[in-house]
Amino acid sequence: MKNTNRVKTAVDQAVRRRNYRRARDRALARLANDYPYVYRNYLEQEKKVDENMGKKWLDIDGNTSLVNTRTQ
């Protein structure tokens, strides 16, 4: 009985999380369309912070924004 309740709770939580992410993504898309310059500015700021921490970003064509400068 406990396992059934745990599974149901986990499924419900996953559905709520998915719905929240979908709504957040739709809102972000609307904001990006309404204020494209502000959105790009924020995006560039976040990209710089992430790159300073060593995280890679993918461009639209799938290329990473960090370049490996090590020579062979």
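These are my notebook entries on a predicted model of one protein chain.

**Overall make-up.** I began with the secondary structure, and for the protein chain I found two helices and zero strands. I then looked up burial and surface: of the 72 residues in the chain, 4% are buried, while the exposed area comes to about 7200 Å², with carbon and sulfur atoms supplying 52% of it.

**Helix H2 and its end.** I checked the span of helix H2, which covers residues 36-52 and so has 17 residues by the count. From its first C-alpha to its last, H2 reaches 24 Å, which is close to the 24 Å expected at 1.5 Å a residue. Moving on along the chain, I noted that Gly 54, just after H2, takes a positive phi of about 90°.

**The salt bridge.** I searched the whole structure for salt bridges and found one. Lys 8 and Asp 12 form this pair, and I recorded 3.1 Å between the closest N and O atoms. I also wanted to place the two partners along their helix: Lys 8 and Asp 12 are four residues apart in helix H1, and therefore about one helical turn separates them. An α-helix has 3.6 residues a turn, so residues three or four places apart point the same way. For the acidic partner I looked up the accessibility, and Asp 12 is partly exposed because its relative accessible area is 31%.

**Asp 50.** Which side chain of opposite charge is nearest to Asp 50? I found Lys 55 at 4.3 Å, and Asp 50 is buried yet has no salt bridge. The cut-off settles the matter, because a salt bridge needs the side-chain nitrogen within 4 Å of a carboxyl oxygen. Asp 50 itself lies in helix H2, and when residues up to four places away in sequence are not counted, I see that it touches Lys 55 and Trp 57.

**A nonpolar patch.** Which residues make the nonpolar surface patch of about 430 Å²? I listed Leu 31, Tyr 35, Val 38 and Tyr 42 as its members. Of these I followed up Leu 31, whose place is in helix H1, residues 2-34. Leu 31 counts as partly exposed because its relative accessibility is 48%; a residue would have to be over 50% to be called exposed.

Note on methods:
Residues numbered from 1 in each chain as written. Predicted model: local features only at pLDDT ≥ 70, side-chain atom pairs only at ≥ 80, totals over all residues. Heavy atoms only, no water. Expected span 1.5 Å × (residues − 1). Patch = residues over 30% accessible without salt bridge, like charges linked within 9 Å, V, L, I, M, F, W, Y side chains within 5 Å. Areas by Shrake-Rupley, 256 points an atom, 1.4 Å probe, with all protein chains shown as cover. Buried < 20%, exposed > 50% of the residue type's maximum accessible area, 1.4 Å probe, protein only. Lys, Arg positive; Asp, Glu negative; His and termini not counted. Contact = heavy atoms within 4.5 Å.
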